[in-house]
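Colleague: Please take a close look at a single part of this model, the metal site. Go through it step by step, for someone who is new to such sites.

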Amino acid sequence: MLQKSASFPGIQGPVVTIIMDGYGIARTDVGSAIAAARKPTLDRLLASCPNITLRAHGTAVGMPSDDDMGNSEVGHNAIGAGQVYSQGAALVADAIAVGSIWQGAAWQQIVAGAKAGRGVIHFLGLFSDGNVHSHIDHLRAMILRAKDEAVPSVRVHILLDGRDVPETSALDYVLPFEAFLAEVSGAGFDARIASGGGRMSITMDRYEANWNMVERGWQTHVLGQGEQYASASQAIEALRARSPATIDQDLPSFVIASAGQPVGTIEDGDSVVFFNFRGDRAIEITRAFEEANFDKFDRVRVPRVTYAGMLQYDGDLKLPKRFLVDPPAILDTMGEWFAKSGITQFACSETQKFGHVTYFWNGNRSNKFAGETYEEVPSDVVPFEQRPWMKAAEIADAMIAALRSGQYRTLRCNFANGDMVGHTGHFRAATMAIEAVDLQLARILPVIDAMGGVALITADHGNADEMYEIDKKSGQPARNADGSFKSKTSHTLNPVPLILYDQVSGGRLGLKQTASAGLSNIAATIANLLGFEKHDKWDESLLTVKQA
Ligand SMILES: O=C(O)[C@@H](CO)OP(=O)(O)O
Ligand SMILES: [Mn+2]
Ligand SMILES: [Mn+2]
C-alpha cells in the first residue's frame, strides 16, 4: 500500500493521463507537422496551464546513449515503472561486449541444437542499426560466434526497416552485409541471406492487429515460398524498380534461391534465433514457432527447431521459453502499487498502441493487476496516411464513458496518431493526425471538469515534430535530388511536453521544471495527485502544491 500524503489530500475526482504518441517538441518549426497543425486546444493549454518539458530519449529512458532516440517500449516502461531501467538495446550490447551471452544455456542450446541437426542456425529480425527493436551489430556478433563454434551453416532472414532509419536505406545495410557474409564464409562455414521483406509487410505485426503479416512471414522464412531472387540486394532493386514509391518498411517479401531452390528454408533440427530485443513485434512470430496448438493461420508444416528470442518478450506468458539475454526485471510499477493501494485503473487505446498502455505500462507483462480495466478499440488495417484520424474519436468515446461511469480513480489512454502517421513520412497526413488528437482533447477535457478531475497530457517520444531528415551540417531539412524535402519516418531525440490540466485546485497545483525531468517522474506525480506519497523506488514527483 502506498502511504497517504501528509501534505496534500489529492484530487477528489479522476486523475487522467493522456499520451499523445510521437508528440515531441521540435527545435525548429520547419518540418514539424505539429507546428503546421491547427490545434486550438493544445495551444490554449500550453498558454494557460502549468507545463514543462520531459526528456524522453537516450539514458533518460534506459537507452545506451543520448544518441539513441526514444521509443514506445522504453517510454511506456519508464512512465509505468516510475524508474529508468537499462533496456534491451543496452543489455544485449553489454552481454555481447563482456561475452556473457555465449556462456548462457540458451545460446549453447542453439549451437548444440544446430549441430545435432542439419547444422543450421537461422537468424530472423529487423535489419538495421535503429536500436529500437534490434541492432545489426548484435546479428553480426552472433554470426561470427557461430563460426567460431564450428556451426556449419547460417541463414539470415532480414526484415527491412525504413521506419527507425531513413526510409530507403536498406541497401546501405544489405550491400556491406552481403560482403561480410561472403568474407566470413569459406571452409566449413556457409553464411547467406535466405529471405526477407519489409517490416510492415511481413512478420513484425503486434497486438494481433494483422496476423496475415505473420503468415506471409512464415511462408517466406520457413516454407521458402515467394518471389525468388539470387540475392537480397537484387531483390530490393527489382522490387523498388517495380514500385518506386514503396519505402523499405512496406517492400513485399522475397526468397533467395539458387537453381530454383530456396537456399534457407527452416527444417527439422535447425536452430532459430529471433534477434529483436523488443517484444511487441516479436511475440506473434514467436508464438507461431512455439505454440503446439497454434491456430492463428495454417503453418502448413511446423519444423521441430531449437528456438530462442533475444530477450524474454512477455514476463507473464513466459514467452519465449528460451531467450539469450535476461530482460529488464521491471518491478514496483505504478500499476502494481496503485492496485495494492485500492486504486481502480482504466486503460484504453486502439490496437496499434493498446499494448503500450497495458503490457509496456506494466513492465512487459500482459496480465492485469487487480482493479485494472482495459478497453481496446480495434485499429483499421489500412495505410494510416489515408486515415490519419485513425480511432482517436472512438478512444475519446471510451474515455468519456469511463469517466462518466465514475468507476475509475485513474484513467490512461494513448492516441497513436502522431506516431503511426509520423512513421508514414507523409507531412500533410501527420498534420491532420495532430489535429485529430487536438479535436478529441477538446471533447475529453470538459468531461474531466464535470467529474472534478485533472489530466496530465504528455507523450512517450517525438516523431511528428520532425517529418524531414535534418542535414547535420546546416541543421536544415535535407533535400532529395529533385529538391523536395527528404521525408523522415523515425522518432526524434526531442523532449516531450507535460501539461497539467487542472480546473479544480484553484491554481494551487503546478509542475516544477528540473533539468533531469523525464518520463520516469510521471508516476510519482500521479501518485501525489491521488493524495499518495510516491513509492520509494520511483523518481521524484514534479507536482508543486501551494499551501491553501
Ligand atoms: O512502430 C514501432 O514498432 C516503433 C518504431 O520501430 O514505434 P513505437 O516505439 O512508437 O511503437
Ligand atoms: Mn510511441
Ligand atoms: Mn513509433
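Modeller: A donor here is an N, O or S atom within 2.8 Å of the metal, and water is not among the atoms, so a site may look incomplete. Keep in mind that the model is predicted.

Start with the two ions. The manganese ion (ligand 2) lies 4.2 Å from the manganese ion (ligand 3). For ligand 2, the coordinating protein atoms come from Asp 21 (OD), Ser 72 (OG), Asp 460 (OD) and His 461 (NE2), at distances of 1.9 to 2.2 Å. Written along the sequence, the spacing of these donor residues is D-x50-S-x387-D-H. Asp 21 sits in the loop between β1 (15-20) and α1 (33-36), while Asp 460 sits in the loop between β15 and β16, so this pair ties together parts that are 439 residues apart in sequence. Asp 21 has a relative accessibility of 1% and therefore counts as buried. Asp 460 is also buried, at a relative accessible area of 0%. The cut-off for that word is under 20%.

Now the other ion. Protein donors to the manganese ion (ligand 3) are Asp 419 (OD), listed twice, His 423 (NE2) and His 491 (NE2), and they lie 2.1 to 2.3 Å away. The sequence pattern of these donor residues is D-x3-H-x67-H. Here too, distant parts of the chain are linked: Asp 419 belongs to helix α16 (residues 417-422) and His 491 to the loop between β15 (454-458) and β16 (496-502), with 72 residues separating the pair. Asp 419 and His 491 are both buried.

The geometry at ligand 3 can be worked through with a rule. Ideal angles for six octahedral donors are 90 or 180 degrees. To count as octahedral, six donors need opposite pairs over 155 degrees apart and every other angle between 65 and 115. The angles among the 6 donor atoms of ligand 3 run from 57 to 169 degrees; 57 fits neither range, so the site is irregular.

One more element belongs to this stretch of the chain. Helix α17 covers residues 427-450, 24 residues in total. Its first and last C-alpha atoms are 36 Å apart, close to the 34 Å expected at 1.5 Å a residue. After α17 comes Gly 452, with a positive phi near 70 degrees.

Methods
Residues are numbered from 1 along each chain as its sequence is written. Chains are lettered from A and ligands numbered from 1 in the order in which they are written. This is a predicted model: local features need pLDDT of at least 70, side-chain atom pairs count only at pLDDT 80 or more; totals for chains, interfaces and linings use all residues. Side-chain values use heavy atoms; hydrogens and water are left out. Donors are N, O and S atoms within 2.8 Å of the metal (3.2 Å for Na, K and Ca); water is not among the atoms, so sites may look incomplete. Four donors count as tetrahedral if all angles lie between 85 and 135 degrees; four count as square planar and six as octahedral if opposite donors are over 155 degrees apart and all others between 65 and 115; anything else is irregular. Helices (H or I, at least four residues) and strands (E, at least two) are DSSP runs, numbered from the N terminus. Buried means under 20% relative accessible area, exposed over 50%, partly exposed in between (1.4 Å probe, protein chains only). The expected span of a helix is 1.5 Å times one less than its number of residues.
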